[in-house]
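Here is a short tour of one model, written to be read with the structure open beside you. Let's look at how its interior packs and how some of its strands line up.

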Amino acid sequence: MAVALAGVLVGGAAGVTVWRTSATRSPASAEVAAPVTARELLAGLPGRLLPPATPTALPTDRAVGRGALLYQINDPDGFDVATGALPRRPMYLVTASSEQFGVGLAATMGEFSQALSPDGRWFAQRRDGQWWIRDLTGITERAVPPGYELRQWSTDGRALLLGQPSGAGEVYAAFTLPGGGLRPLALRGTPGRRMLAFLDGRELATAEFNVGPNARPHRQLTIAIQDVDGRTARSVSLATTQQVGSGDIRNALVPLVRGGGDPPAVWALVTRREEVPTAQPEGARAVPPMTLVGVDLRSGRPAGRIDLVVPGGGEGESFLGLAGTEVLLQRWAADGGELVAADPATGRRRVLTSLPDHARVIVPGD
């Protein structure tokens, strides 16, 4: 979930509160198999992904199997300039066996209201101002306690990090799955730090970002990793200058950084700064090269680098998320778009499926 700004880490005593929701078990529930890899989840995608002509709603009386991704088709002309309203378009869930189900409407940008766990088992959806967590391998659904927002999936898919406003920051809690227990954590968050990964439900990885027009570029990103009970702490660094030359982490409103995968890693988009000739018109400025660089959160060693196809001439690549050791990209060209998995060690791409025009894709764990 790449939406939350969170967490300077402080120690403290943590109590344990258990919130449990009623859950109905069904004889139609599928037996939960051993944990699957993200690569296995994505292996069953069809060669071409198209929205169904007559979408079937996600059934509540039977299991559908693990989810592979969520997507919607954006309307590039749907923004209402007069009112500032964003269009709401159908969202589709695609399972690991390539079935598709409608899961309601969502804004085409800026709104975070659906997500899949890294193992594809859990589907999170915001309805009527509250989050609900559905087990796709059965029919059990858990309600997240009111007032909490989803911040990060645990990398093992067995918990969710929740945040609740508290003064100028946030308090954190772990929502464990499948039971639905709520455990307050001895950690707090402030807007200056962003949550990057929730390692197996036991450690939080965060980094500080200064955003805005006067923000200084990041030449090295220091990632703090702390035990959820506030006892132990360590750090790793993602050094951009050593891997891509003179550059900085792309410093938009929310820097394009993702955490997760197996083994857990953090990846960031880095842009080399290019000198523009004084005689060159502003509108003719070329898009600078873009590179993804990563760091292994366990060992602190570099996780690799991937040079992206920069936007231009009707083609390009964008960073979506992580699947095991692979990096997921959305690639577009004149003849259509594709969901691609890139190997950090070699840079080789493999196409997972072709995508409809103007598709917005949400991958497991994001």
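## Cores and a sheet

This is a predicted model, and a good place to start is Leu328. Leaving aside residues up to four places away in sequence, Leu328 touches Leu42, Ser318, Phe319, Leu320, Gly321, Leu322, Ala323, Val340, Ala341, Leu352 and Val363.

Another core lies apart from it; this one has 18 residues, including Ala197, Phe209, Leu221 and Val295.

Leu328 also stands out in the largest nonpolar core, which has 20 residues. Leu328 is among the residues with the most contacts inside that core, together with Leu45, Leu69, Tyr71 and Val361. At least two residues of this core come from each of the elements in the table below.

| Element | Residues |
|---|---|
| α1 | 38-43 |
| β1 | 67-73 |
| β2 | 88-95 |
| β21 | 316-323 |
| β23 | 336-342 |
| β24 | 349-355 |
| β25 | 359-362 |

The top contributor to this core is β1, with four residues.

Now for the strands. An open sheet is built from four strands in the order β12-β13-β14-β15, and their pairing is antiparallel. At its edges are β12 (193-199) and β15 (233-239), each pairing on one side only. From one strand to the next, the twist averages 25°.

You can follow one of these pairings in detail: β12 and β13 (residues 203-208) run antiparallel and are joined by six bridges. Here Arg193 stands opposite Glu208 in β13.

Technical notes
Residues numbered from 1 in each chain as written. Predicted model: local features only at pLDDT ≥ 70, side-chain atom pairs only at ≥ 80, totals over all residues. Heavy atoms only, no water. Core = buried A, V, L, I, M, F, W, Y, C linked by side-chain atoms within 4.5 Å. Buried < 20%, exposed > 50% of the residue type's maximum accessible area, 1.4 Å probe, protein only. Contact = heavy atoms within 4.5 Å. Pairing = 2+ DSSP bridges. Axes fitted to C-alpha atoms, helices over the stretch in contact; angles between N-to-C directions.
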